[in-house]
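Got your viewer open? Keep the selection box handy and let's take a walk.

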Amino acid sequence: MTTGRLPPPYGRLLDRARTIPFEFEGARIEGLAGDTVASALWAAGTRVLARSFKYRRPRGLLGHGAFDATSYVQRGAEPNVAADRLLLVDGLPAIEGQNRIGSLTRDRGAWIGHLGRFLPVGFYYRTFFRPAGSWDRIEPAIRRRAGLGILGKDGHHAECEKVHLFCDVAVVGGGPAGIAAANAAAAAGAEVILFEAMARAGGFALVDPAAFPDALPADGVRVMTGAIAQGLFEDGMLAVELGDRHGRVRARCVVVATGAAEQPIVFRNNDLPGVMLASAARALIHLYAVRPGTRAAVVTVNDHGLAAALDLHAAGVEIAIVADARTATNILHERLAEAGVTVRLGTVPYEAVQSNGLAGLYYGGPVTGIELATKGAHGTARPEGALHVCDLVVMSGGWSPLAALACHAGARLAYDADADTFALSDIPGHVFAVGAAAGLHTPTLVVEDAREAGHAAADAALGRSVLARASPEPEPGFNHPWPIVPHPKGKEFLEFDEDLTIADIENAVADGFDHGELLKRYSTAGMGPSQGKQAALAVLRVAARARRLAPEGIGPTTSRPPFTAERIDLLAGRAFHPARATAMQLQHRAYGATTMVAGLWQRPAFYGAPADAERAIAAEVMAVHEATGMIDVSTLGKIELRGPDAAAFLDRIYATPHAKQPVGRGRYCLLLDEAGNIADDGVIGRLAETHFYVTATTGQADATYRLLTWLNAQWGMDVDITNLTGAFAALNIAGPASRTVLAGLVEDVDLAPGAFKYMDVRHGRVAGVAARLLRVGFVGELGYEIHMPAAYGQAVWTALADAGRAHGLRPFGVEAQRLLRLQKAHVIIGQDTDGLTTPAEANMGWAVGKTKTSFVGRAALAVRGTRPLQRVLVGFRMDASATVPPEASLVIEGDAIGGRVTSAARSAAAGGIIGLAFVPPSRAAEGSPFAIRLPSGAMVGAEVAPTPFYDPGNTRQER
Amino acid sequence: MVLSLLRYGLRRRHVPWRVIPPTPDRFKPSYDVVIVGGGGHALAAAYYLAHRHDITNVAVVERGWLAGGNTARNTAIIRSNYLTPEGVQFYDQSVRLWRTISNDLGINVMVSERGHLTLAHTDAAIRTMRWRAEVNKHYGVASEVVGPAEIAALCPELNLSHEVRYPVLGALYHPPGGIARHDAVAWGYAMGAAARGVEIHQMTEVTGFDIDHGRVTGVRTTRGTMRTGRVLQAVAGNSSRVAALAGFRLPIRTVPLQACVSEPVKPFLDTVIVSGSLHVYISQTARGEFVMGGATDPYALYAQRSTLEFKETLFSDMLELFPQLAHMKMLRQWAGLADMTPDFSPVMGLTPVENYFIDSGWGTWGFKATPVCGLTMAATVATGKPHALIEGFALDRFARFDQIGERGAASVGS
């Protein structure tokens, strides 16, 4: 069946020249440019657009563009798309229904809807757990029934852009109030952006242009349509979805002109397809030229329903009856009477019916009629017993402000007994609420007040003195205190997302869940995709009555961002995962390095393909032992300290002594935390009396720099601290030939063993580049760390590589370095220590200055030192035929955990399997056997061994 | 139980299932125990005091609505794959209690052991995970380091491509890990405690304590003073503030922890997925919503506000793991308050005030401990001596620098 569209000027959003086909549930539908999927479907006579969450009831349109979730559909891989906000465009993927087995009209899961009386509120808390294990069996079935659409398993995303906008006044909502406020703010000199959710600004003025003749944004106002403001955050940031971009808007003032959500009347079967809000019916008629039905019943508690009835009549829809809950007549009643429409006063809807045959009885179907009731006292109603045949029921149960943004900013939304609806209070100074969001409905009042607010917002934004703006009281007369008609057989829905009825709310209160938040959590009212926009008011009223309280006695639930379901891809934007590259990164790539993640850096693990790892690492180790190797250590923290207090400053922080460190010498440094745990290590070189150069581990570089600057700020010592981690590149050239390779490139430094001793530091030039040279021994061979400005890192590396070629120089990576240092039993902070390791436990008590009176962690060490050690880090060896225990394998002592392996590897140079492990102190003596449990559960033996494993006399590194 | 639904449906009227008792109009002349805080831990302690120790003259005092603090704001993850012997044994006991909790309390807490994967993106993370796995196994907790192939089998939806900034190298797989219906736990304990005579006073804020010669004798509230012999403080997120009212300090820094939930969709994700490197975690509820969160906010704060930055960072990282989520929409965001301790372990047991016991320092890891906290704190309050499982968590361990380091296992998504 097709319904011809109404003639112009109906269809203000349509471009009638262009038809757009699309597919819905396998059927081809034709709509017009400007249509939403919902308006096109409705025009084509489709009435069932969705199935409800719990009872799988058929659903049509409740609102249109009202941010309800009634007409959610599936668009390709994307679930839960509101059909009434989905613009019809060319190339739309096939649209499908959701939450149904089979088709929307014949959902084979519909049986559950007939079991409602057996499924009281919170029923799942009361059942499915006895006997034990029941839930494990039942849960999968429940999970399959739950949920709405289907998230495609192989979806992927295009990266979305973010837009940063700045203005004096942001106006959210492009209806008559928003436009009036924006125009006034612009006229007052403010830079204004107006955000409108729909495709065109105008809002209610598009439905009723006569009421709002001036609702056009002025030239000075920047209008952005398709823009949904999702959150107004504490720091004033307004988050707006702008089509496919995420907008971060900085506005000095925000005008909330987001209107109000029309509320359903709560009566039996008020959710049938064909029962819709008056605002939806009027939108279909005026914006999309769709006749919402052929014969309508209109049920209302205010004039808006009457206006809809007049519209329907004018649009050629036959009016079966108009029922108004009020008893006083006004001009609209007269006009309806003049048009020959029967109006029944003091009358409310009692039950919507559908008689679509046997199948309809089972699957449910569109509305076919309505029974009315005479309103009695205290919310009672006496059914009339007559059926009014109709295919459309239009209802207006009043309005609830869509004031979430103001609430995000700190305003309060509570029930107002005079206006019979929620009203804002405590609105912060930079936020202005206007129009229906502020409870105003009368056109002249709306516009006048919005102008004033817009002007005030401009004044506030521009720093002009602002006269205190008295927010107008919400207008009474547009709501009804009790638009609720209980029915003995129930099914009066007040929460469409969650299929909740009057009894559900009453029963939840009876179960003790009387606080608004508890009620929400137990009944799930307001937890669905529409977040209670069409439900909160009715839930509050029913809950209040159940508690024998006035509605204003119950606070509403907190309103948190977002305003409506918010796209995750827009929030994500482009992934920003920064990566740091050392100056030598290109060389590593050229050498075919396999890299590994090290914080923000990528470091060469070894040079070669992953499959070739073992051979490559062995060759690199061999090169360092027998010729020379070179490793990029630019990721080390590099911190420079200058000033008269530099020596004293470092001495007060590091556990190692540095006050009397001679100029030109480097010294191992150990940093503890306040609790005496090892935090970092490195080398401190004294370049001059008042000039120190400190290295830190890659992982702790930032933390150590932060600690130094923090303590400097606290102590106020005369030290200047500079972080050179990024500014300097560094490499370590090590191996017997390293001195020879360097000799040809170094100026100003005497490399002779007696002149440049182990742990000396020197200034000099390497390959013509000013550099700092440190003789260090981490890898156990003669070696030099060379630190130079990062800009020259690549040049120096290349020069050394060229000079070293004749001497068998190979670059080596982190894996080789790990083995080389293990052979020397040098600990890696964070691998051989954990967050709670003391120097004594790590067998590094030697590093702590015995005569020092002050260093970070000293007090804690003194306390901890009074207790016997629980573990000690020792070197161990295993039989060469054994499996290398994976790091973190446990050391088992009796039945208990005695420690763990922190490092282990097979070493050719050391002749077998070597490692470091925490063992009980009773096992720490050289030669003590201990047991290791492999992850497989197998036990292997190991023996505490003297360290270093390689070159115990350290003659190679110190030659 | 299905029969009970049938019976229910065939009756004419709703027979109230009194889950939450109304707040009594006035206080009793005195209480044996007053529990400050009305969240999961507090209610569990009240329940076990009554159920296991026959101490029923108990009042639970809650500033707001029942279980509306962190019990209502957490992401309902249960697991026991911690790092320290103290932690593993403690949380393992909790997991055991979770298994029978629905039948013990007579309310379906919907405990769902869906498996828990902590992803490793660096070799250092793999090492820590192997350490955790080995300690876990030692105490009989199912826990294993798995590689990409096993991860793919457990969670085919996960993006295991190497074309991302931080490829997944492996994971710690913990089969007993899962989720529960967080509110129902608190309601169940409230129901059970109330049935045994415990009073629950909602909307009653504690303003101070009567302390006589170092011993607590009364609790001052906005509704009057309660006389009592013993006090248990269990107020996650406000531990330092309440302890200050009792006159002692805690080594706790309170920071916001944010989370969010998406719209409901059909089953997509079975396992609980955590990535410490990307600071994100996600699970799908029985209703079909994705519950997601990240790291704590980087500054101390008592405000329970939401930020835009939280969502932007979270989703930017989340889409690395699950690009499909780009088609989803989020529905709600919120914040809770995390009481962080220096060693990422809780503070439980005795305090400098006599007869004043504390259950605090629950950082981002409190929900899963709800049953075992109730059990051990009830025993501690009843006997005046710390329960064996919580001896290590004593407040005075910080003065001794005797920490229980769980940083490596308790961080994001705990």
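Start by picking A:Met237 and A:Arg250: the two are bridge partners, with A:Arg250 sitting in strand S13 of chain A. Keep in mind that you're looking at a predicted model.

**Around strand S13**

Now widen the selection to strand S12, residues 237–242 of chain A, which pairs with S13(A) in the antiparallel sense over six bridges. The two strands make a hairpin with two residues between them. Click on A:Gly243 in that turn and you'll find a positive phi of about 60°.

Next, add strand S8 (residues 162–172) of chain A. S8 runs parallel to S13(A), joined to it by 10 bridges. To see one of the pairs, select A:Val171 and its bridge partner A:Val255 in S13(A).

S13(A) has another parallel neighbour to show: strand S26 (residues 431–433) of chain A, held by three bridges. Here the pair to click is A:Val254 with A:Val431 in S26(A).

With those strands displayed, is S13(A) mostly enclosed or open? Colour residues 245–256 of chain A by accessibility: nine of the 12 are buried, so the strand is largely enclosed by the rest of the structure.

**Out to the domains**

Zoom out and colour chain A by its domain assignment. Domain 2 covers 162–261 + 399–461, and domain 4 covers 581–634 + 727–836. Domain 5 takes in 636–725. For a sense of scale, put a distance between the C-alpha centres of domain 3 (493–556) and domain 6 (868–959); they lie 64 Å apart.

**A seven-stranded sheet**

Go to the open sheet of chain A whose seven strands run in the order S39-S40-S41-S42-S38-S32-S43, with mixed pairing. Which strands are at the edges? Select S39 (746–747) and S43 (809–811) of chain A: each of them pairs on one side only. Then bring up helix H17 (residues 613–626) of chain A, which packs on this sheet and touches S32 (628–632), S38 and S43. Line up the helix with S32(A) and the two directions make about 120°.

Stay with the sheet for one pairing. S38 (residues 728–734) and S42 (residues 783–789) of chain A are antiparallel, with seven bridges between them. At one of these places, A:Ala734 stands opposite A:Gly783 in S42(A).

**Backbone oddities**

The last stops are about backbone geometry. Most residues other than glycine have a negative phi, and most peptide bonds are trans.

Select A:Arg130 and A:Pro131: the peptide bond between them is cis, with omega at about -5°. A:Pro131 is in the loop between helix H2 (123–126) and helix H3 (134–145) of chain A.

Jump to A:Pro561 and A:Pro562 for another cis peptide bond, this one with omega near 0°. You'll find A:Pro562 in the loop between helix H14 (536–546) and strand S29 (566–567) of chain A.

For phi, try A:Asp420, where the value is positive, about 55°, although the residue is not a glycine. The loop to look in is the one between strand S24 (412–416) and strand S25 (421–425) of chain A. Is A:Asp420 buried or exposed? Its relative accessibility is 16%, so it counts as buried.

Finish at A:Asn954, in the segment after strand S49 (939–944) of chain A. A:Asn954 has a positive phi of about 55° too, again without being a glycine. With a relative accessible area of 21%, A:Asn954 is partly exposed.

Key. Residues numbered from 1 in each chain as written. Chains lettered and ligands numbered in written order. Predicted model: local features only at pLDDT ≥ 70, side-chain atom pairs only at ≥ 80, totals over all residues. Heavy atoms only, no water. Pairing = 2+ DSSP bridges. Helix = DSSP H or I, 4+ residues; strand = E, 2+ residues; numbered from the N terminus. Contact = heavy atoms within 4.5 Å. Axes fitted to C-alpha atoms, helices over the stretch in contact; angles between N-to-C directions. Domains from an automatic or database assignment. Buried < 20%, exposed > 50% of the residue type's maximum accessible area, 1.4 Å probe, protein only.
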